[in-house]
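Me: I'm new to this one, so could you walk me through it with a few questions and answers? Let's put it up first.

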Amino acid sequence: MRLPPRLRVLAGMVPPGATLADVGTDHALLPIALVSRGVCPRAVATEAAIGPYRRARLAVESSGLGDRIDVRLGDGLAPVAPGEAQAIVVAGLGGLEIVRILEGAGPVLASAECLIVQPNRDQPAVRRWLTANGWRLETESCVAGEPPHVIIAARPGQPQALDEVECLFGPCLLADGAPAYRAWLERRRRRLARLRAGLEAQGTPRSLARAAALAAFIGNLEEAMRRCSR
């Protein structure tokens with residue numbers, strides 16, 4: 001099975017030998033790939049809605065891996081028992097939704113060795129939650145897109161203090177300084193600078209307040225670009 005780029009990166013972050021819990025598995029492509037390749041001995045795939053749950057079950061049954069991939073209906077990590085999965089993937093959801101799922105899964109997370117998340121938005125909220133709850137950001141990857149897909153892998157570890165720029169743009173991504181990520185930061189800076197200029201030209205109290213807020217964010221963007229270039 002050939003995975004799309006985002007799922008290939010997710011799969012590469014799962015430690016070999018770990019039992020996987022894949023939250024919001026959709027068509028169960030990730031657990032099917034990892035179990036069929038022998039990376040994971042077993043997997044639990046969850047879906048909160050009946051339609052996607054049925055699609056995932058059909059995909060697993062068609063793959064012939066029904067004895068090693070258990071598809072379960074339920075919200076977030078609620079269908080997963082504590083100690084059942086060493087690697088947890090929560091991908092393709094909004095950052096605040098990911099935080100909600102993690103906040104309600106304390107016993108399941110307590111026994112996990114690796115947590116891999118891919119928030120579609122509100123990434124700073126996810127980074128703040130992870131670092132405040134005993135998880136250390138180990139790896140971040142940027143997969144091409146507009147905006148790019150940012151994937152974060154974390155492990156239990158010592159508290160990790162992040163400044164505002166790191167929370168916004170990712171400490172590992174900034175340290176890596178990947179050209180694709182730097183280019184996306186520059187495109188975003190130019191787009192927001194044009195928006196700011198338009199707001200300032202309007203000259204209303206509301207537009208000027210929005211322009212001031214954008215100016216502060218653009219300053220953080222420029223600092224992120226400087227760090228990427230080191």
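Me: Let's start with the second largest pocket. Which class of residue, nonpolar, polar or charged, has the most members in its lining?
Reply: Keep in mind that this is a predicted model. The lining of the second largest pocket has 4 polar and 4 charged residues, set beside 9 of the remaining class. That class is nonpolar.

Me: How much space lies in the second largest pocket, and which residues are closest to its centre?
Reply: The space there comes to about 240 Å³. Of the 17 residues in the lining, the closest to the centre are Arg 6, Leu 7, Gly 24, Thr 25 and Asp 26.

Me: Which element gives the most to that lining?
Reply: α1 (5-13), β1 (20-23), α2 (29-36) and β4 (87-93) each bring at least two residues to the second largest pocket. One of them gives the most, with 4 residues, and that is β4.

Me: Where on α1 do its buried residues fall, and how wide is their arc?
Reply: The buried residues of α1 are Leu 7, Leu 10, Ala 11 and Met 13. Looking down the helix axis, they line one face of α1, because they fall within an arc of 160 degrees.

Me: What do those buried residues of α1 pack against?
Reply: One partner is a helix, α2. The others are the strands β4, β5, β6 (135-143) and β7.

Me: Is Leu 34 buried or exposed, and what is it in contact with?
Reply: Leu 34 is found in helix α2. With 2% relative accessibility, it falls under the 20% cut-off, so Leu 34 counts as buried. Leaving aside neighbours within four places in sequence, it is in contact with Ala 11, Val 14, Leu 20, Val 39 and Cys 40.

Me: Now the largest pocket: how much space lies in it, and which residues lie nearest its centre?
Reply: About 370 Å³ of space lies in the largest pocket. It is lined by 18 residues, and nearest the centre are Arg 121, Asp 122, Gln 123, Pro 124 and Arg 188.

Me: Which elements each supply at least two residues of that lining?
Reply: By class, the lining of the largest pocket has 11 nonpolar, 4 polar and 3 charged residues. The elements that each supply at least two of the lining residues are β5 (114-119), α6 (123-132), β7 (149-156), α7 (164-169) and α9 (179-202).

Me: How many aromatic pairs does a search of the whole structure find? And why is the pair of Phe 169 and Phe 217 called tilted?
Reply: The search finds 2 aromatic pairs. For Phe 169 and Phe 217, the ring centres are 5.8 Å apart and the planes meet at 50 degrees, so the pair is tilted. The two are 48 residues apart, with Phe 169 in helix α7 and Phe 217 in helix α10.

Me: What about Tyr 181 and Trp 184: what kind of pair are they?
Reply: Both lie in helix α9, 3 residues apart, about one turn of the helix. Both are buried, too. Their ring centres are 5.9 Å apart and the planes are at 25 degrees, under the 30 degree cut-off, so the pair is stacked.

Me: Last one: which residues does Arg 227 touch?
Reply: Arg 227 lies in helix α10 (residues 205-228). At 18% relative accessibility, it counts as buried. Not counting residues up to four places away in sequence, Arg 227 touches Asp 163, Val 165, Glu 166 and Leu 174.

Definitions and conventions:
Residues numbered from 1 in each chain as written. Predicted model: local features only at pLDDT ≥ 70, side-chain atom pairs only at ≥ 80, totals over all residues. Heavy atoms only, no water. 1 Å grid on protein atoms, 1.4 Å probe; cavity = no way out; pocket = protein on both sides within 12 Å on 5 of 7 lines; lining within 4 Å. Points joined across faces, edges and corners; volume = space filled by probe spheres on them. Nonpolar A, V, L, I, M, F, W, Y, C, P; charged D, E, K, R; others polar. Buried < 20%, exposed > 50% of the residue type's maximum accessible area, 1.4 Å probe, protein only. Arc of directions from axis to C-beta. Contact = heavy atoms within 4.5 Å. Phe/Tyr/Trp six-rings, centres within 6.5 Å; stacked < 30°, edge-to-face > 60°.
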